[in-house]
2 protein chains.
Amino acid sequence: MKERISFIGMGIMGTPMAANLLKAGYPLTVYTRTRSKAEPLLAAGAAWDDSPAQAASSADVVITCLPDTPDVEQVLLGPQGVTESAREGLVCIDMSTISPEATRRMSEELLAKGTVLLDAPVSGGQIGAVEGKLSIMVGGPAEALDRVRSVLDCLGRAVTHCGPSGCGQLTKLANQVMVIHTIMSIAEGLAFAERAGLNLETTHAVTCAGAAYSHSLKVLGAKILAGDMKPAFMVDLQLKDLRLIMETARQTGQPLPGTALAMQLLQSLSAQGRGRDGTQALIDILRQLAGKMASR
Amino acid sequence: MKERISFIGMGIMGTPMAANLLKAGYPLTVYTRTRSKAEPLLAAGAAWDDSPAQAASSADVVITCLPDTPDVEQVLLGPQGVTESAREGLVCIDMSTISPEATRRMSEELLAKGTVLLDAPVSGGQIGAVEGKLSIMVGGPAEALDRVRSVLDCLGRAVTHCGPSGCGQLTKLANQVMVIHTIMSIAEGLAFAERAGLNLETTHAVTCAGAAYSHSLKVLGAKILAGDMKPAFMVDLQLKDLRLIMETARQTGQPLPGTALAMQLLQSLSAQGRGRDGTQALIDILRQLAGKMASR
């Protein structure tokens, strides 16, 4: 018999993920702060939970997909939170990108009630969420992952056990360290080319064909060529991830000069009111440094 | 009838490139400062030129593949250089990575004698040179490229006209701006993961599968996992390209803060006597910043 799932958080990622679970035939209840955001899922057959505590009392698996660390802390440990009705055998899967340290702390609090918390942040964006093709990075006990693997297989094409509690989050942050550099790569590379008077279409095609290739160059480079600053991933969310990275790197004692610089330049976009643009807008900061007007 | 080609520069790139021209049936003469380096080509059927001037007097096409700007200036404009016997109809193809500004200046000097200079730097490394699968970025008159395209097709799988004289070099430099960031990407990303206690094999596999993907992550990341610091591309050659980038960026007025930072960190490797290591050795600078011993 399929597990009863309660899904908490109906954002741009959570909504399509919950819809995929419903499509796969899982009995599903949902909760989110603003009930109207749950309407599409309720219309599709999901039931409503009045609180995270109620979600935890009726479900076998509680999945959270929330913006930041305090949101997850509130839902798991706050008043009317999951811990109020957490019990032996309940599995919580937190698919948000949040602090690895807070994750480990919360997993211990839940474990005291017999509830396992898996951290399972994702990569692949909204399209990956809609198509059920996310890459899911899981931290926590391997045997708990085995119990819920069929659930996660509905959401992603790659479900990887990365180590004990927090290691899913740490892997996601390592991923984001790399991603911000590939964004810097296209921002500085295309700004250099543009300023030198090169044809950007040709430069993009040639660089995509060789050793400079990155996923960001292909996807975000094409957006820059089209003058399209709409988000594949928003500046403000990248900045949240960068704050988590720098906080974690401070704790582990790993200086990250390149990541810190990229964060400062991205912060400049946010300070200019462009936090909801896509991260490819970073090229406009390079253009500004050269005294050129931004693309909008 | 096939063009008579003279190839100047028998380094790790030039030697296999000249060999491919010989295999394709072109009448070939060669010249290089240290004659012993030409022995393999002479044994394979190439003839010897006593100087660049002699090369230019007998060939239809002169190809140079040399370490740096002064080497090309010496061969083209110096005593016993190409200009001494340059003439109407001769085409010079410079496949070195050198200064775009010097390239434009030299192309004008040669043009005064009716000789066209194409800049045609390559990407793809020694393996690409051996297999004839380089990406070749060409600057100069399009009609001159058309005349020698069949020659370049023997050396690369992609021959792209990037614009007038110097634009091949500029495109190569834009490519290298991007490449250095993808190297920073894996150095900081894997150092972060390692310091946080993650399994590096898992982290590499997961990040390769998603939005963090880059050619450097796949190829150089695998070398880091294997503790292999042998060069795919040497630190000192990357530093030479970075000097050309920063010189050009200063001339065009494009600040490149990320590239400048990456250059400083790579400079540290060179200062530690590791200029002949591969660029993936950059991770050891991150390890040192965290107080860890280098991998060797």
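This note reviews the interface of chain A and chain B, the largest cavity and the salt bridges in a predicted model.

1. Basis. The model is predicted, so that local features need pLDDT of at least 70, side-chain atom pairs count only at pLDDT 80 or more, and totals for chains, interfaces and linings use all residues. Residues are numbered from 1 along each chain as its sequence is written, chains are lettered from A and ligands numbered from 1 in the order in which they are written, and side-chain values use heavy atoms, with hydrogens and water left out.

2. Extent of the interface. Chain A and chain B each bring 56 residues to the contact (heavy atoms within 4.5 Å). About 4,700 Å² is buried between the two chains, 72% of it on carbon and sulfur atoms; buried area is the accessible area (1.4 Å probe) lost on putting two parts together, summed over both. On the side of chain A, the greatest losses fall on Met178(A), Phe192(A) and Gln254(A), together 16% of what that side buries.

3. Polar links across the interface. The rule finds 12 residue pairs in polar contact, both residues at pLDDT 80 or more (a pair of N or O atoms within 3.5 Å; within protein, one must be able to donate a hydrogen and the other to accept it, and residues adjacent in sequence count only if both atoms are side-chain atoms). Salt bridges across this interface number zero (a side-chain nitrogen of Lys or Arg within 4 Å of a carboxyl oxygen of Asp or Glu).

4. Elements in contact. Among the elements giving two or more residues to the side of chain A that touches chain B are β8 (134–139), β9 (156–163), α8 (167–195) and α12 (257–271) of chain A. Helices (H or I, at least four residues) and strands (E, at least two) are DSSP runs, numbered from the N terminus. The most comes from α8(A), with 20 residues. By class, this side has 31 nonpolar, 23 polar and two charged residues.

5. Largest cavity. About 50 Å³ of space lies in the largest cavity (on a 1 Å grid over the protein atoms alone, a set of points where a 1.4 Å probe fits but cannot get out; lining residues have an atom within 4 Å of a point). Its lining includes His181(A), Met184(A), His181(B) and Met184(B). The element giving the most to this lining is α12(A), with three residues. The lining has five nonpolar, four polar and no charged residues.

6. Salt bridges overall. Over all chains the structure holds 21 salt bridges. In one of them, Glu73(A) pairs with Arg105(A), with 3.2 Å between the closest N and O atoms. This pair links distant parts of the chain, helix α4 (residues 69–77) and helix α5 (residues 100–111) of chain A, the two residues being 32 apart.

Terms used
Nonpolar A, V, L, I, M, F, W, Y, C, P; charged D, E, K, R; others polar. 1 Å grid on protein atoms, 1.4 Å probe; cavity = no way out; pocket = protein on both sides within 12 Å on 5 of 7 lines; lining within 4 Å. Points joined across faces, edges and corners; volume = space filled by probe spheres on them.
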